[in-house]
Amino acid sequence: MDDGEPSEFAPPRPGTRDLEVGPPLERIESVFAVYETRIEDERLCYYGEPLQQPEQAIRELWPVFHKEGYDLELTTREGSFVLVAEPTNVGIDGIPWTNLLLFGLTVLSTLFAGSMWYHIDPIANPEEMWRAWPFTVAILGVLGVHEMGHYVLSRYHDVDASLPYFIPVPTLIGTMGAVIKMNGRMPSRKALFDIGVAGPLAGLIATVGVTIVGLHLPPVTAPDSVIQDPGAIQIQLGYPPLLEGLAAAFDQPLYRDDPTMAVNPVVIGGWVGMFITFLNLIPVGQLDGGHILRAMAGRSQQLIAALVPGALFGLGAYLYYVGGHSVDSVFIWGLWGIFTAVLASVGPAQPVQDERLGAGRFLLGLVTFVLGVLCFMPVPIEIIQ
């Protein structure tokens, strides 16, 4: 093959014209004039020239290749346009050892963190850590159901997605959450919306269930050693409207006159589910809220996303300067202001078929954002010394 100096439009070169895999060449050439084909590392490469605007050509050909099990992109090489079709693998390929390892480590890290909510010293009495299993089940339950909501709808729309990766980190809850990895382009706004909304709604259902169970479990009482320790640090959680509403509906107290008593740690699992739901529904970039709003509002989502970092910085400043809260208590909004600024600069997913959503999905999106607001708390965690 000729590998000489590239020109703006390379002349046709001899090469393989027919592949035994991929869509029929005749279907491709109705949109893209092909003069050479290659197979490079299992990727099908079609050199040629689009017969219409490149963006329109990719919209017409992407479903054709997707049906055959390929993800498609249009690029340029050696002065020519090239359609590159990469095989996709929708489903589980072998035993997901990495996912299982991370899950096992997260079980240990949440048991470690949960034991402290039960006033068990995991360092002095590691054999007692198992008693925190209700906390671990609550945390991993709400996180797992959230991510499996994304995974199931990804499979439904034939989008290549991994099983959840849990993230073990030595925090107050023992984890930084869980994520799934999606490969390839999003087929349509409908797929983008369905996959984005499925996680928060599924996770919120699990969160409500966990919270109701936790509210009916007995409170935890701090031992005398903690009560009498003058240097003990107290952690005070802010409760979102949804959690307070559930407590009122079932006539279960969240606040007690006795400072030595606290809600059962399973309620903390519900609190985590609500907080994660709110954070994920922030409408920027690749967050669930970014996916949902991109599907609902189209490209104007980026204008809304650009305002989010400033709003989070403003919230933190207001709580500190006007509300009188400590830096530790409002630091999270500064951190998320930086994080969302990065996400907004990267931008949201861009679906291939960019058609408008129907009224039903649009209404469901509005309801989902309202539920997200009910999970908001201005000061999630306050440390009192």
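# Worked exercises on salt bridges and helix packing

At 23% relative accessibility, Arg-77 counts as partly exposed, where buried means under 20% relative accessible area, exposed over 50%, and partly exposed in between (1.4 Å probe, protein chains only). The structure is a predicted model, in which local features need pLDDT of at least 70 and side-chain atom pairs count only at pLDDT 80 or more, while totals for chains, interfaces and linings use all residues. Residues are numbered from 1 along each chain as its sequence is written, and side-chain values use heavy atoms, with hydrogens and water left out.

## Exercise 1: the chain as a whole

**Task.** Describe the chain by its secondary structure, its box, its buried share and its contacts.

**Solution.** Step one is to count the elements, which come to 13 helices and twelve strands; these are DSSP runs, helices being H or I with at least four residues and strands E with at least two, numbered from the N terminus. Step two takes the principal axes, along which the C-alpha atoms fill a box of roughly 85 × 45 × 40 Å. Step three turns to burial, and 44% of the 385 residues count as buried. Step four considers contacts (heavy atoms within 4.5 Å): among those between residues at least 6 apart in sequence, 68% join residues at least 24 apart.

## Exercise 2: the salt bridges of Glu-40

**Task.** Find which arginines form salt bridges with Glu-40, and state how the network around these residues is made up.

**Solution.** Begin with the rule: a salt bridge is a side-chain nitrogen of Lys or Arg within 4 Å of a carboxyl oxygen of Asp or Glu, and by this rule the count comes to nine. Next, look at Arg-38, whose side chain meets that of Glu-40 with an N to O distance of 3.6 Å; Arg-38 is buried, its relative accessible area being 14%. Then turn to Arg-77, which meets Glu-40 at 2.8 Å, N to O. The pair Glu-40 and Arg-77 links distant parts of the chain, since Glu-40 lies in strand β1 (residues 32-40) and Arg-77 in strand β3 (residues 70-77), 37 residues apart. Finally, put the pieces together: Glu-36, Arg-38, Glu-40 and Arg-77 are linked in a network of salt bridges.

## Exercise 3: a bridge to helix α5

**Task.** Identify the partner of Arg-189 in a salt bridge, and decide whether each of the two residues is buried or partly exposed.

**Solution.** The partner is Asp-354, and the closest N and O atoms are 2.7 Å apart. Placing the two residues, one finds Asp-354 in the loop between α12 (327-346) and α13 (359-374) and Arg-189 in helix α5 (residues 189-215), 165 residues apart. For the accessibility, Asp-354 is partly exposed at 27%, whereas Arg-189 is buried at 9%.

## Exercise 4: two helices packed on α5

**Task.** Work out how helix α8 and helix α4 pack against α5.

**Solution.** Two packed helices are described by the angle between their axes and the distance between the axes. Axes are lines fitted to C-alpha atoms, for helices over the stretch in contact, with angles from 0 to 180 degrees between N-to-C directions. For α5 and α8 (residues 265-280), the angle is about 155° and the axes are 7 Å apart. That makes α5 roughly antiparallel to α8, a term for angles over 145 degrees. Residues of this contact include Pro-200, Leu-204 and Thr-207 of α5, together with Val-266, Gly-270 and Met-274 of α8. They divide into seven nonpolar, seven polar and no charged, where Ala, Val, Leu, Ile, Met, Phe, Trp, Tyr, Cys and Pro count as nonpolar, Asp, Glu, Lys and Arg as charged, and the others, Gly among them, as polar.

The second step concerns α4 (residues 133-156), whose axis comes within 7 Å of that of α5 and crosses at roughly 155°, so α4 and α5 are roughly antiparallel to each other. Among the residues that meet are Val-142, His-146 and Gly-149 in α4 and Asp-194, Gly-199 and Gly-203 in α5. The residues of the contact of α4 with α5 divide into ten nonpolar, eight polar and one charged.

## Exercise 5: the loop after β1

**Task.** Say where Asp-41 and Glu-42 are found, and what can be said of phi in Asp-41 and in Glu-42.

**Solution.** Asp-41 is in the loop between β1 and β2 (43-50), and Glu-42 has its place in the loop between β1 and β2 as well. Most residues other than glycine have a negative phi, and most peptide bonds are trans. Asp-41, although not a glycine, has a positive phi of about 50°, and Glu-42 has a positive phi near 70°. Asp-41 is exposed at 70% relative accessible area, and Glu-42 is exposed at 60%.

Terms used: Angles under 35 degrees count as roughly parallel, over 145 as roughly antiparallel, 65 to 115 as roughly perpendicular and the rest as oblique.
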